[in-house]
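I opened this model to look up its pockets, its salt bridges and its exposed nonpolar surface. My entries follow in the order in which I checked things.

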Amino acid sequence: MRAAGRVDRLNLAGDTVAVTETGWSPLDGAKPPRGVATARMSELGHGMIPPSEGIGGVSVKAVHRQATVSLAQLSSLRFGYVSEEFAAAGRALLASIALLGDRLAFGAPALHLRSGCDLVVVSEQVEWVRRGQDGVPVTQPMECTTVRDALALFELALERARKTGLEWPAEPVRVRPNASLQQAIAKSYEVAGIGAVGGE
């Protein structure tokens with residue numbers, strides 16, 4: 001047995017909010033309008049959850065992870081009325097993004113899975129699985145085992161995709177909270193005595 005809770009990095013209060021088809025909005029202590037559903041922010045994935053006792057987990061000797069990027073699935077993707085060269089470059093770019101994501105997440109010597117659980121890589125195989133022969137899959141080692149390898153592959157795929165006319169933003173996309181979440185964040189800052197909070 002072990003105690004476990006949830007920490008909200010935004011430190012949002014566990015208030016009750018009004019929930020509609022378009023989202024949720026704070027009630028600020030007022031009664032919700034008739035016919036409007038309500039929920040606590042913890043039910044929407046926000047707010048703190050106090051520690052409570054539960055099962056501590058499991059002990060294992062080893063964990064085996066297997067991930068696959070299916071080229072058969074990628075070949076079925078279409079991008080509208082574009083040339084085959086554009087579509088092929090788009091599929092190659094998506095494959096490189098998948099490989100880069102895998103290497104960023106699992107390419108390190110160890111993986112911090114959660115509190116009290118670090119997984120150490122003992123062995124690893126990154127390989128192509130090609131058309132089988134005599135009922136046995138044919139595999140071939142793939143030279144893309146590090147983050148640096150995967151990043152170089154992504155940059156190459158992106159360069160080729162851009163040459164076919166694919167538009168890729170040079171600047172990162174900035175994600176901002178909607179009005180309801182922004183209001184809840186601002187309130188948490190005021191309660192904590194931090195002061196005003198910006199819009200990002």
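Entry 1, terms. Before sorting a lining by residue class, I fix the classes: Ala, Val, Leu, Ile, Met, Phe, Trp, Tyr, Cys and Pro count as nonpolar, Asp, Glu, Lys and Arg as charged, and the others, Gly among them, as polar. I also note that this is a predicted model.

Entry 2, the largest pocket. I looked up its volume, which is about 1,600 Å³. I then listed the lining and found 44 residues. Nearest the centre of the pocket lie Arg-65, Ala-67, Arg-103, Gln-125 and Val-126. By class, the lining divides into 28 nonpolar, nine charged and seven polar residues.

Entry 3, where the lining comes from. Which element gives the most to the lining of the largest pocket? I find that helix 2 does, with nine residues. Helix 2 spans 84-106, and at least two lining residues each also come from strand 6 (110-114), strand 7 (117-120), strand 8 (127-133) and helix 3 (147-163).

Entry 4, salt bridges. I counted five salt bridges in the model. As a general point, side chains of opposite charge can pair when their charged atoms come close. I started with Arg-103, since I had already noted Arg-103 among the residues nearest the pocket centre. Asp-102 bridges to Arg-103, with the closest N and O atoms 2.8 Å apart. Arg-103 also meets Glu-124 in a salt bridge, at 2.9 Å from N to O. This second pair links distant parts of the chain, as Arg-103 is in helix 2 and Glu-124 is in the loop between strand 7 and strand 8, 21 residues apart.

Entry 5, the network. I asked which residues are linked in a network of salt bridges. They are Arg-65, Asp-102, Arg-103 and Glu-124.

Entry 6, burial in the network. Is Arg-103 buried or exposed? Its relative accessibility is 3%, so I enter Arg-103 as buried, the cut-off being under 20%. Asp-102, at 18%, falls under that cut-off and therefore counts as buried too. Glu-124 has 40% relative accessibility and is entered as partly exposed.

Entry 7, a bridge within helix 3. Glu-159 forms a salt bridge with Lys-163, and the closest N and O atoms are 3.7 Å apart. Both residues lie in helix 3, four residues apart, about one turn of the helix. I looked up their accessibility as well: Glu-159 is partly exposed at 43%, whereas Lys-163 is exposed at 67%.

Entry 8, nonpolar surface. I looked for a nonpolar surface patch and found one of about 430 Å². Leu-77, Phe-79, Val-82, Leu-94, Ile-97 and Trp-168 make this patch. I followed up Leu-94, which is in helix 2 and counts as partly exposed at 36% relative accessibility.

Entry 9, Leu-104. Leu-104 is another residue I placed in helix 2. At 57% relative accessibility, Leu-104 counts as exposed. How far apart in space are Leu-104 and Arg-148, C-alpha to C-alpha? I find 9.5 Å, with their positions 44 residues apart in sequence given as the separation.

How values were computed
Residues numbered from 1 in each chain as written. Predicted model: local features only at pLDDT ≥ 70, side-chain atom pairs only at ≥ 80, totals over all residues. Heavy atoms only, no water. 1 Å grid on protein atoms, 1.4 Å probe; cavity = no way out; pocket = protein on both sides within 12 Å on 5 of 7 lines; lining within 4 Å. Points joined across faces, edges and corners; volume = space filled by probe spheres on them. Salt bridge = Lys/Arg side-chain N within 4 Å of Asp/Glu carboxyl O. Buried < 20%, exposed > 50% of the residue type's maximum accessible area, 1.4 Å probe, protein only. Patch = residues over 30% accessible without salt bridge, like charges linked within 9 Å, V, L, I, M, F, W, Y side chains within 5 Å. Areas by Shrake-Rupley, 256 points an atom, 1.4 Å probe, with all protein chains shown as cover.
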